[in-house]
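Trainee: I have some questions about how the descriptions of this model are justified.
Mentor: Put it up and ask.

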Amino acid sequence: MSGLVTTPAPTGTDTAADTDTDAAAARDGAATAGADFVRAQTRLAAVPFVPEISLHLAEEAIELWERTESERGEIGLPPPFWAFAWAGGLGVARYVLDHPELVAGRQVLDLAAGSGLVGVAAALRGAAVVRAAEIDAYAVAAIALNAEANGVRIEARCADLLDGDGAPAEVVLAGDVFYERAMAARFLPFLERAVARGAVVLVGDPGRAYLPRERFTALAEYDVPVLADLEDRAVKRTTVWQLG
Ligand SMILES: C[S@@+](CC[C@H](N)C(=O)[O-])C[C@H]1O[C@@H](n2cnc3c(N)ncnc32)[C@H](O)[C@@H]1O
């Protein structure tokens, strides 16, 4: 199995090279390799707490992280977030599944989508269009596989959108994105710009350190099962917050 060395850099955005045939062929090859890797490292299963959805998930993180670095021939890669359903995403997905009116007929962005769990929930509840943005090329591969497994369509891009405002999404959903100070410093202004242009913005968060709670309104709370391997306990209280 070939590696993902031709995959656009995790921080890369779509460029004019998209129109170039060689670049498109390289990207297709990388996407296939990424999909093969995701399939090989995960098992498709119904997701605890949101059993309406099945995802390609891993059962342990550290060895998969090492295998990802070995596959890429690089060290210092980000953890394989895409192989897990994070507490914040579980909360938002549950909320969307139980409140289809939030997304039905609307353009939805699943920001920092990981596995695409939240985007799948929005698509299952009748969103007109679901876009997913990730900076990890493996996540983009996982999102495509997970959309297919659930019989829905998601337009997934390896792109950093945080300098924009999320247009044209009418609903912006973000599961678990306030766990690092530097990340929070970019996500909050992005989400505020989305609200300022009229989008509904929901964030799922299990009490991460850098969520500015005073800017948000709580919509729902859930106790969600998580991997003790990744968190400090087996169940975490997750809040679904609306910005503004
Ligand atoms: C903890 S995971 C959450 C994944 C998913 N939303 C969930 O709740 O299961 C955070 C994700 O944010 C992604 N991420 C970090 N910075 C990003 C950025 N600037 N744009 C898009 N995704 C980003 C990471 O690659 C990672 O997959």
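Trainee: Which strands do the buried residues of α6 pack against?
Mentor: The model is predicted. In it, the buried residues of α6 pack against β6 (171–175), β7 (200–205) and β9 (235–243).

Trainee: What makes a residue of α6 buried or exposed?
Mentor: A residue is buried if 20 or more other C-beta atoms lie within 10 Å of its own, and exposed if 12 or fewer do. On α6, Phe187, Phe190, Leu191 and Ala194 are buried. Seen down the helix axis, these buried residues fall within an arc of 95°, so they line one face of α6. Arg181, Ala182, Ala185 and Ala196 are exposed on the other side.

Trainee: Why do residues three or four places apart point the same way in an α-helix?
Mentor: Because an α-helix has 3.6 residues a turn.

Trainee: How do you know that the span of α6 is close to the expected one?
Mentor: Helix α6 covers residues 181–196, 16 residues in total. At 1.5 Å a residue 22 Å is expected, and α6 reaches 23 Å from its first C-alpha to its last. Just after α6, glycine 198 has a positive phi of about 105°.

Trainee: Why does the radius of gyration of the protein chain agree with a compact globule?
Mentor: A compact globule of 244 residues would have a radius of gyration near 18 Å; the protein chain has 17 Å, so the two agree. The C-alpha trace spans about 45 × 40 × 35 Å along its principal axes, and 44% of the residues count as buried.

Terms used: Residues are numbered from 1 along each chain as its sequence is written. This is a predicted model: local features need pLDDT of at least 70, side-chain atom pairs count only at pLDDT 80 or more; totals for chains, interfaces and linings use all residues. The radius of gyration is taken over C-alpha atoms; the globule rule is 2.2 Å times the number of residues to the power 0.38. Helices (H or I, at least four residues) and strands (E, at least two) are DSSP runs, numbered from the N terminus. The expected span of a helix is 1.5 Å times one less than its number of residues. The arc is that of the directions from the helix axis to the C-beta atoms. Two residues are in contact if their C-beta atoms, placed from the backbone, lie within 7 Å.
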